[in-house]
Amino acid sequence: QVQLVESGGGLVQAGGSLRLSCAASGSIWSIASMGWYRQAPGKQRELVAGISSGGSINYADSVKGRFTIARDNAKNTVYLQMYSLKPEDTAVYYCHARTPSLDYWGQGTQVTVSS
């Protein structure tokens, strides 16, 4: 079992910044990759950024150049630094961890960007 606890969401004006954190606990040795997804009202959940255990990183085209994903192995924590936020970034952001047998999700954290 893997537990994921997110923090750092909130309300910010367009152009502002936020940093999301996701702390993993439990069977962290089994995690192959971690990432952030988001889901806006009426839309499907989409991948924002992912990082593998080997350090490979990928981003959604819509956030490239504005968001940065990083991992602190000592703290078992993954971060999503978000810059130049836009109203269209408004969504619930979910931390995700993939293991060979299961996918795990955090509870979600709301990010609201006002125009």
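**Stop 1: Thr-90**

Start by selecting Thr-90, which is partly exposed, with a relative accessible area of 21%. That value puts Thr-90 in the middle class because buried is reserved for residues under 20%. Keep in mind as you look around that this is a predicted model. Thr-90 sits in the loop between β8 and β9.

Now show what surrounds this residue. Setting aside neighbours within four places in sequence, Thr-90 touches Ala-40, Gln-110, Val-111, Thr-112 and Val-113. Add Gly-10 to your selection too: 80 residues separate Gly-10 from Thr-90 in sequence, yet their C-alpha atoms are 9.9 Å apart in space.

**Stop 2: strand β11 and its partners**

Several of those contacts lead to the next stop. Select residues 109-114, which form strand β11. Which of its residues are on the covered face? They are Thr-109, Val-111 and Val-113, while Gln-110, Thr-112 and Ser-114 make up the uncovered face. In a regular strand, side chains alternate between the two faces of the sheet.

Next, bring in the strands that pair with β11. Strand β2, residues 10-13, runs parallel to β11, with 4 bridges between them. To find a matching point, colour Gln-13 and Ser-114, which stand opposite each other. Strand β9 pairs with β11 as well, this time in the antiparallel sense and through 3 bridges. Here the residues to colour are Tyr-93 and, opposite it in β11, Thr-109.

**Stop 3: the disulfide**

Stay with β9, residues 91-98, and select Cys-95; then select Cys-22 in strand β3. A disulfide joins these two cysteines, with a distance of 2.0 Å from S to S. The count for this structure is 1 disulfide. Cys-22 and Cys-95 are 73 residues apart, and their pairing links distant parts of the chain. Which hand does the disulfide have? The torsion about the S-S bond is about -80°, so this disulfide is left-handed. Both cysteines are buried.

**Stop 4: strands β3 and β1**

From Cys-22, step back to Ser-21, also in strand β3. Is Ser-21 buried or exposed? Its relative accessible area is 14%, so Ser-21 counts as buried. Beyond its neighbours within four places in sequence, Ser-21 is in contact with Val-5, Glu-6, Ser-7, Trp-36, Thr-77, Val-78 and Tyr-79.

Val-5, Glu-6 and Ser-7 take you to strand β1, residues 2-7. Its covered face carries Val-2, Leu-4 and Glu-6, and its uncovered face carries Gln-3, Val-5 and Ser-7. Strands β1 and β3 (residues 18-26) run antiparallel and are joined by 6 bridges. Look for Val-5 facing Ala-23 across this pair.

**Stop 5: Ile-51**

Move on to strand β5 and select Ile-51. With a relative accessible area of 6%, Ile-51 is buried. Show its contacts, leaving out neighbours within four places in sequence: Ser-33, Met-34, Ser-56, Ile-57, Ile-69, Arg-71 and Val-78. Val-78 also appears among the contacts of Ser-21. For another landmark, draw a line from Ile-51 to Ala-97: these residues are 46 places apart along the chain, with 9.8 Å between their C-alpha atoms.

**Stop 6: the largest pocket**

Met-34 and Arg-71 belong to this stop too. What is the volume of the largest pocket? It comes to about 200 Å³. There are 14 lining residues, and the closest to the pocket's centre are Ile-28, Ile-31, Met-34, Arg-71 and Asn-73. Strands β4 (33-39), β5 (46-52) and β8 (77-82) each provide at least two residues of this lining. Sorted by class, the lining holds 7 nonpolar, 6 polar and 1 charged residues. Rolling a probe the size of a water molecule over the atoms shows where empty space is left.

**Stop 7: two loop residues with positive phi**

Finish with two backbone details. Most residues other than glycine have a negative phi. Select Asn-76, in the loop between β7 (67-72) and β8. Asn-76 is not a glycine, but its phi is positive, about 50°. Its relative accessible area of 30% makes Asn-76 partly exposed.

Then jump to Ser-84, in the loop between β8 and β9, where Thr-90 is also found. Ser-84 has a positive phi as well, near 45°. At 40% relative accessibility, Ser-84 is partly exposed.

Conventions: Residues numbered from 1 in each chain as written. Predicted model: local features only at pLDDT ≥ 70, side-chain atom pairs only at ≥ 80, totals over all residues. Heavy atoms only, no water. Buried < 20%, exposed > 50% of the residue type's maximum accessible area, 1.4 Å probe, protein only. Pairing = 2+ DSSP bridges. Disulfide = S-S within 2.5 Å. 1 Å grid on protein atoms, 1.4 Å probe; cavity = no way out; pocket = protein on both sides within 12 Å on 5 of 7 lines; lining within 4 Å. Points joined across faces, edges and corners; volume = space filled by probe spheres on them. Nonpolar A, V, L, I, M, F, W, Y, C, P; charged D, E, K, R; others polar. Contact = heavy atoms within 4.5 Å.
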